Amino acid sequence: NPAAQSLVGRPDEQLLGAPIGRLLPDWGEWEAQYWRQGQTTAEIRLETVTERYLKLTVTALCSHKGEVTGRLIALHDITLRVHTEAALRQQNAYLSA
């Protein structure tokens, strides 16, 4: 989808059917932490053409028997918020000095 393409900075042909580890380079590190949980959320840094910060949400998809049959991975761009928070921290430090 165009939103995912924009977030990860890759064209559709590289996204469709690709393993998540190829799209998100640090996935191996995150997988051990997030994969075992039913649902989890984390903020991650992704370097594409530009640096981006994303909210990563991983939710287990279960069958009627309660077996995990897949995962839903949602990404939300929080770059502006992260940069704004950093600027506010810097301004507060300046004002406190």
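The largest nonpolar core of this predicted model makes a good starting point, with 12 residues in all: L7, V8, L15, A18, L23, L24, W27, I44, L46, L54, L56 and V58. Three elements, α1 (2–8), β1 and β2, each supply at least two residues of this core. The largest contribution comes from β2, which gives three residues. One member of the core, L23, can be followed a little further. Leaving aside neighbours within four places in sequence, L23 is in contact with R10, Q14, L15 and A18. Of these partners, L15 and A18 also belong to the core.

Before going on to the sheet, a word on confidence is in order. The mean pLDDT of the chain is 82, and 92% of the residues score at least 70. Among the elements of the chain, α5 has the highest mean pLDDT, 95, while helix α4 (residues 27–34) has the lowest, 70. W27, listed among the core residues, falls at the start of the range given for α4.

The strands come next. Three of them form an open sheet in the order β1-β2-β3, and the pairing is antiparallel. At its edges lie β1 (39–47) and β3 (68–77), each of which pairs on one side only. From one strand to the next, the twist averages 25°. Helix α5 packs on this sheet and touches β1, β2 and β3, its direction making about 130° with that of β2.

The two pairings within the sheet can be taken in turn. Strands β1 and β2 run antiparallel and are joined by nine bridges. They form a hairpin, with three residues between them. Within this pairing, A42 has L56 of β2 as its bridge partner; L56 is also one of the residues of the largest nonpolar core.

On the other side, nine bridges join β2 (residues 51–62) to β3, and these strands too run antiparallel. Here A60 stands opposite R71 in β3, and L61 stands opposite G70 in β3. This pair of strands also forms a hairpin, with five residues between β2 and β3. The turn contains G66, whose phi is positive at about 85°.

Helix α5 deserves a closer look, beginning with T79. This residue is found in α5, which spans residues 79–96. Is T79 buried or exposed? Its relative accessible area is 12%, under the 20% limit, so T79 counts as buried. Not counting residues up to four places away in sequence, T79 touches E51, R52 and Y53.

Charged side chains add further links. A search of the whole structure finds four salt bridges. In one of them, the side chains of R81 and E43 meet with an N to O distance of 2.6 Å. This pair links distant parts of the chain, with R81 in helix α5 and E43 in strand β1, 38 residues apart. The two partners differ in accessibility class: R81 is partly exposed, with a relative accessible area of 36%, whereas E43 is exposed, with a value of 52%.

R81 takes part in another salt bridge, this time with E85, where the closest N and O atoms are 3.2 Å apart. How far apart along the helix are E85 and R81? They are four residues apart in α5, which means that about one helical turn separates them. E85 counts as partly exposed, at 33% relative accessibility. Through salt bridges that share partners, E43, R81 and E85 are joined into one network.

A further salt bridge is formed by D77 with R52, and its closest N and O atoms are 2.7 Å apart. Because D77 lies in strand β3 and R52 in strand β2, the pair ties together parts that are 25 residues apart in sequence. D77 is partly exposed, with a relative accessible area of 30%. R52 appears once more in this account, as one of the residues that T79 touches.

Note on methods. Residues numbered from 1 in each chain as written. Predicted model: local features only at pLDDT ≥ 70, side-chain atom pairs only at ≥ 80, totals over all residues. Heavy atoms only, no water. Buried < 20%, exposed > 50% of the residue type's maximum accessible area, 1.4 Å probe, protein only. Contact = heavy atoms within 4.5 Å. Pairing = 2+ DSSP bridges. Axes fitted to C-alpha atoms, helices over the stretch in contact; angles between N-to-C directions. pLDDT = per-residue confidence, 0-100. Core = buried A, V, L, I, M, F, W, Y, C linked by side-chain atoms within 4.5 Å.
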